[in-house]
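User: I am new to this structure and would like a close look at a single part of it, the aromatic residues that pair with one another. Please set out the whole briefly before turning to that part.

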Amino acid sequence: MHQHVSFITLATADLDRAANFYVDGLGWTPAFRGEDVLMFRVGPALMLSLWTEAGFEAEVGPLRRGEGAAPLTLAHNVASPAAVDAVLADAERAGARVTSGEHRVWGGYSGYFSDPDDFRWEVAWNPDPDMAFVNAPAE
């Protein structure tokens, strides 16, 4: 198996609410919208897919439910600490819940927000030049 990821799929309780958050709130452009799915191109060879819980369960199997955060995070790297603050503020205006304020970690700067289905997004700036490939252009 070749080492890469093509899709990240998240089950959503309400596809319209998710669309309002990602499209209307964050300004993302969908690559595809179907009855049960919404997809975004998030990299040259990577798609983020938001799938209704019913559609997800029909194909993948039952969802695990309960308290606490899902055991994964999604990360959005930016070009500066100020961009971290700006993205967290934009996400909060779009309806996200900021779950961890801006803080310095591993020499960088980051914070977390939760989308409407409580998936956690890290927004981070990494000062290490060897990790520059993960930093996006300025927001």
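Analyst:
**The aromatic cluster and its setting**

The protein has three helices and eight strands, where helices (H or I, at least four residues) and strands (E, at least two) are DSSP runs numbered from the N terminus. Read from the N terminus on, these elements follow the order β-α-β-β-β-α-β-α-β-β-β. This is a predicted model, in which local features need pLDDT of at least 70 and side-chain atom pairs count only at pLDDT 80 or more, while totals for chains, interfaces and linings use all residues. Residues are numbered from 1 along each chain as its sequence is written, and side-chain values use heavy atoms, with hydrogens and water left out.

As for the overall form, the C-alpha trace of the protein spans about 45 × 35 × 30 Å along its principal axes. Of its 139 residues, 35% count as buried, a word that here means under 20% relative accessible area, with exposed meaning over 50% and partly exposed what lies in between (1.4 Å probe, protein chains only). Among the contacts in the protein with a separation of 6 or more, residues 24 or more positions apart account for 47%, a contact being heavy atoms within 4.5 Å.

Now to the part in question. A search of the whole structure finds nine aromatic pairs; rings of Phe, Tyr and Trp (its six-membered ring) pair if their centres lie within 6.5 Å, and planes under 30 degrees apart count as stacked, over 60 as edge-to-face and the rest as tilted. One of these pairs is formed by F21 and Y22, which meet edge-to-face, at 5.0 Å centre to centre and with 90° between the planes. Both partners are buried: F21 has a relative accessible area of 2%, and Y22 has a relative accessibility of 1%.

Y22 also pairs with F40, and because the ring centres are 5.9 Å apart and the planes stand at 40°, this pair is tilted. Since Y22 lies in helix α1 (residues 15-25) and F40 in strand β3 (residues 37-43), the pair ties together parts that are 18 residues apart in sequence. F40, too, counts as buried, at 1% relative accessibility.

These residues belong to a wider group, for ring pairs link F21, Y22, W28, F40, F113 and W121 into a cluster.
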